Structures are given as structure tokens and as C-alpha cells.
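The following exercises are to be worked with the sequence and the coordinates at hand. Please attempt each task before reading its solution.

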Amino acid sequence: MAQEKLFFQSEAAELLKMMIHSVYSNKEIFLRELISNASDALDKRRIEVLSNSEEYGEYEPGIRILRDREKRTLTIEDNGIGMSRDEIVEYIGTIARSGTKEFLATAGKGDSSGKNDSLSTQEMLIGQFGVGFYSAFMVAERVELISRRLGATEAWRFESAGEGSYVVEEATRPECGTSVKLWLRAAGEDEKDYVDEWTLRDIVRKYSDFIAYPIVMNCSKWKDKVETVEDEVINSQKAIWSRPEAEVTEDEYREFYRHLSHDWQEPLTRIAINAEGSVNFKGLLFVPSQAPFDMFTNDRSGGVSLYIRRVFIMNDCKDLIPEYLRFIRGVIDSEDLPLNISREILQEDPRVRVIRRSTLRKVFSSLRKMLEGERETYEKFWTAFGRVFKEGVVQDREHAQTILELSLFRSTAMQLVENAEKGSGWTTPDEYIKRMKPDQEGIYYLVGRDASALKDSPKLEAFAEKGYEVLLLTDPVDEVVMAQTPEYGEKKFLNVGSAEVQATGEEERKEAEKKLETLQGAFEPLKKKIMAFFPEILSDARLSVRMKSSPACLVGAENAMSLQMEQLMHAMGHEIPVVKRVLELNPEHPVVRRLMSLAEANDERTEDFISVLYDQALILDGGTLTDPGRFARGLSRIMSMALEENPKKE
Ligand code: ADP
């Protein structure tokens, strides 16, 4: 087949341009990226061979670095899974990851402001988007890649100078795998020379020592003053998790985490596990410091890898860790499982269940330690992953209480979002309970869109007057979590947005009801008019003592979906029946009082007031007006009335 000229996808071309013109000082990391790709390719070959053992025979996995000092080329070669023509075009010619555009936009901004945690834009890009391969263009003027896919007979050659286009043509290669050849740029004054043996050794030791496959390099040997070239393994291949923690340096941990996670930032915490007993295993897990862009869409760079006696078995092994901990990166290495275990058998294996349980216990205890000892770090963790972690309350009933214990909430007693950076914007349920008033019936909460809007809700007024704290829940998942969780320990969760929940004790409630009873007659005409005006969306209109300063609010019937959830369901395209709500009115409020007499007198202005009152309650609840025209007309009429009644006195 003839040579084809193809163009990089536009985002890819943009990233490449950044690489080529990169002023990033740490260019040596290109080697780490290419070795990391080679190691991943060997992992992938292992996975495919395991599930297809008859077809693919024996092989010695390895990575090879070849240097040519005269021609100034450097080649990184592996006998991993390789790529087909289409895979080359897809993986190298484009960036599939979602959010690239958005990221490029923010990266551009970060560059000029010098923010981004003092890390350069290039480094962020290399980490976040796996532009790993492209980093070769920081040091090379031309890159050639020859690859043969496992199971294929033909190979493919890719070549590019990085400027917009590349060529692809058929080629040959004796076995499957990939070689990447770099034509190095002339090294600048302060730059390293990447064909120099000791430079390369240093870089490999610094970033890639733990790679589980041998990295072989053609090294110079002097024998009787004659230079010969011999192959030498230049990495120790020592599994970092099997070494005692005290022996491993922070740098080594950092590089290992980077390799594992493709994350450019330091992890928040590291969890080392050394379990001995009925099942023996070691683990090294990391909690990242930031959610990846794709956490909620796909978990590509993900999860926990399974090793058996230091041999890589599979990545993102879902049986080792529950779904709600999917942000954790790391490895688990078992001493006991058989090497030829398949995904299906894995699920059934009781030893895997033991590993999963004790890993989970270890994660919980490490999070608890962080919560108790490093509150600020914990709040970072919570901001990044709380939403995912909380899903556990629904998914894992057995540990629901533990997960709640480790959960953070906004509340009326805390400084809210805008002050969160100073810390202490959050509370745990236990801290809440310590602050509870003796006569409080349970843990009060209110769901809505954002905490600062919620704190102005009329529904909180009576609670505030009593000094009762209310949790302000703003994640979409909160409502489901609460619906599934009637209590925490011995305390009931009580939804302040529900018609049944009031800030009054038994006695007080009876008294209030008595008082409302006496007003019932006077309220009846207004109630009739309200119900006639909104027959579809209200299930009731009634007087209540819930509010202190506001005239009206909307509450849900018991277990009714909140307005937020209703809107979310609509936004997601679900057809759900109208959720009817209750309009509660504050009889102490002058507007409500006057309105009662207006309705009684059959005054024609009553409807305008009713409709504006309702819409106002809806807006305060974070709802959107269904009929903005009606609202505007009603409000205008009310304003003209007010002006007519109080003409400006000269
Ligand atoms: P990342 O490794 O972060 O995905 P890269 O740009 O480095 O990003 O690589 C893109 C993809 O190209 C990889 O995900 C992999 O599928 C493929 N690839 C890169 N290098 C190799 C290799 N040596 N062998 C097989 N596939 C490779």
C-alpha cells in the first residue's frame, strides 16, 4: 500500500505545537512517557495472552533503548501489544479524551497568570491528557513509530515532524510490539544530551526504576582500552509495594504514582497495605488530589491493578474495590491467587472477597485518620471525591453508616461556600450531633441547588429561631442518599422541606394547630381561590407556623421528590408525573392577613397577589418560573396599584 498523508485532529495539532515550542525545562520526562507507554503495552499483551493462551506462545517481555551517537537517534522499543494501522491513526493521530478543548482553554489562561500550582502548562498537559507520546517532540525534530499488532502479520510505520500532518505506510517488523525512533534536536547549551549513556541511565533510574519489565540499553564497555557495546538491564524492576515503606523514597513513590495514574499532581495520601493471615497480599493505594476530568463519564486511567506474585494480571480490577472508591489508584499484589486466573473466576473467588474487605477496611481507617488529624487535607479530599464516595451509602448498605460518619456537609451553622477556603465550611454528622439542642427531634436537612441560596430559604426561619442547625445538601445524589437512609446512629434524618417536618415539639405543635384552627374560617375563601388558580400543581394550601418573616413557601408531601430532583429528571429527559406541592402561608405576615380579607371580599386583585406569591416561593426554592409572563404581568399590576395608592407626595 502506498504512503498516506494524514492530518492530526485539531486539538492534537494544537498540543503538538505546544510540545514543539515548549520552553518546559524538564524535557527529560519524554523518556519516562515513552517507557511508560511501552510498559502499558506489555501489560496489555499480557492481558490478551491470558485470555487467549493457545494462540499466542511464549515470549520474553522487555523494553529496549538503542542509541546512535553519530546519527543522534534514540529508539525505545517494546514487544508489547503493538498497534494496527487504525489504532495508530486513532491513538496517535487524535486525542479521544473528552474535555481536551476545555482544558486547552484553561491551560492557556493558566499560562499567562502563572497560576496552576506553579506547575507549567506543559506538565499539566502531559499528565492530564496523556499527551505522553507527543512529549517526544520536545526533544526530537522527527519521530518514527513502527508497530505490529499482536496477532497481525503486517506492521505499520508512522512518521511525523509534528507540524500538522503525518504519514502512514505499511512496513515490516519481526515480532509484535512498537519501536519509537527519535531524531534528536541539537542539544542547547543547558540541555542534556539524550544519546549519552549516563544521562539516560540517570533518567531511567529517576523515573522508571520500578517498571516491572527489564529496560535493556546498549551500554559501552571498555575492555583492554577497546570499546565494545553490551546490553545491560538498567532498572532494578523492584516492585515498590513489596519494599518496606522506610526504604522507599518520596521521589520513588511520586514517580510510581505518576506512572500509575497519569496525574501530574501529588496524591493526597498513600495507603500501604501489608496483610498476612488467611490471605496474604500487599497493596499500595493512592487518593489523588483532584478528580480527573473524566471521572463522571468514564474511568479510563483507572482503578486498582491486580498483580499476582509481582506479575501484572490486569488493570482496573473492579472486584478489588467498590465502585464508589473508583477514584483510588493503586495496585494489589496477591501471594495466593493462581497466575492463570480469569476475570470470571476472580469474581467468585473467596480470597478475592477477603482482599476486598480488608482493603476497604484499610481505606476507611486511613480516611478516618485523615479526618481526625488533617482536616484541611480531608476537606480537599471531600471537595474532589465526596460526591462519588457518598454513592456508597446507596450501593453498600453494610457500610452506609461508616460512609456517613466520614461524610462532610454544609450546614446553617457553618461559614458557607464563599469562606470554605479558610476551612471549616463543613461539618460531619457527629459534629452536628454534638451541637444539637436537647429538644431537637433529629438531624435536620434541606436539599437544594447551592448552599448560599439555600440558607435564605423561608423554610429555615422557624428552625433558625429555635437555634436548630440544618444541613444544606446540594449534590444531586444527596436526595437519593437521604431517601435511603432514615437515620444516622440513633438520630433520625428529617427533611425540613417536607410538609410533615416542623421545628416544634409535640406540645408546641398542638398549641400552634389550635391557633391556626381559629383562623381557618377566615382562610377558607383564600384557600379556595388558591386551589382554583393552581389545580394542577398544588395538592394543598394551608396556614403554617413554619415561617417567621416570609409570607409563603412551597413544601413537599412526605417522601415527595424535591424540586431539584424533579428538574433534574426533566433535564435528563424522563417523563415524570407532576409532583404536587403544598403552598404554606404565614398568617403572621401582613400580606397574608390582607390577602385573606381581599379574598373574603371577592376583590378582583386577589389573583394577582396569589400568583406572585406562588412564583416568589418557587423562585426561593430554586425553581424556574413556568410562566414568566404571568409573573411579570402580575408584578406590574401590583406595582401600579402600590403607586396609585401612595402617589408621590410633593
Ligand atoms: P496515554 O499513554 O496517556 O494514553 P499517549 O499519547 O502516550 O497517551 O498514547 C496514546 C495511546 O497510544 C496509548 O493509550 C496507547 O493505546 C497507544 N500507544 C502509545 N505508545 C504505545 C506503544 N509503545 N505500544 C502500544 N500502544 C501504544
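Four exercises on this predicted model follow, each with a worked solution.

**Exercise 1. Strand E22**

Task: Determine how many residues of strand E22 (residues 581–585) are buried, and establish which strands pair with E22 and in which sense.

Solution:
- Step 1. The cut-off for a buried residue is a relative accessible area under 20%. Five of the five residues of E22 are buried, so the strand is largely enclosed by the rest of the structure.
- Step 2. Side chains in a regular strand alternate between the two faces of the sheet. In E22, Arg581, Leu583 and Leu585 point one way, while Val582 and Glu584 point the other way. The residues of both groups are buried.
- Step 3. Strand E20 (residues 538–543) pairs with E22 in the parallel sense, over five bridges. Within E20 and E22, Ala541 stands opposite Leu583.
- Step 4. Strand E21 (residues 552–556) runs antiparallel to E22, and five bridges join the two. Here Gly556 has Arg581 of E22 as its bridge partner.

**Exercise 2. A charged patch**

Task: Identify which residues gather in a patch of negative charge on the surface, then place Glu517 in the secondary structure and decide whether Glu517 is buried or exposed.

Solution:
- Step 1. The patch of negative charge consists of Glu506, Glu507, Glu511, Glu513 and Glu517.
- Step 2. Glu517 belongs to helix H16, which spans residues 506–533.
- Step 3. The relative accessible area of Glu517 is 58%. The cut-off for an exposed residue is over 50%, so Glu517 is classed as exposed.

**Exercise 3. Positive phi values**

Task: For Gln237 and Arg309, state what value phi is near, and locate each residue.

Solution:
- Step 1. Phi of Gln237 is near 60°, a positive value in a residue other than glycine. Gln237 sits in the loop between strand E9 (226–233) and helix H7 (250–261), and is partly exposed at a relative accessible area of 29%.
- Step 2. Arg309 is also a residue other than glycine with a positive phi, near 45°. The loop that holds Arg309 lies between strand E12 (304–308) and strand E13 (311–314). With a relative accessible area of 35%, Arg309 is partly exposed.

**Exercise 4. A loop tyrosine**

Task: Locate Tyr213, decide whether Tyr213 is buried or exposed, and give the C-alpha to C-alpha separation of Tyr213 and Ser236.

Solution:
- Step 1. Tyr213 is placed in the loop between helix H6 (197–208) and strand E8 (215–223).
- Step 2. Its relative accessible area is 2%, and Tyr213 is buried.
- Step 3. Tyr213 and Ser236 are 23 residues apart in sequence, and their C-alpha atoms are 9.3 Å apart in space.

Methods:
Residues numbered from 1 in each chain as written. Predicted model: local features only at pLDDT ≥ 70, side-chain atom pairs only at ≥ 80, totals over all residues. Heavy atoms only, no water. Patch = residues over 30% accessible without salt bridge, like charges linked within 9 Å, V, L, I, M, F, W, Y side chains within 5 Å. Areas by Shrake-Rupley, 256 points an atom, 1.4 Å probe, with all protein chains shown as cover. Salt bridge = Lys/Arg side-chain N within 4 Å of Asp/Glu carboxyl O. Lys, Arg positive; Asp, Glu negative; His and termini not counted. Charge placed at Lys NZ, Arg CZ, Asp CG, Glu CD. Helix = DSSP H or I, 4+ residues; strand = E, 2+ residues; numbered from the N terminus. Buried < 20%, exposed > 50% of the residue type's maximum accessible area, 1.4 Å probe, protein only. Pairing = 2+ DSSP bridges.
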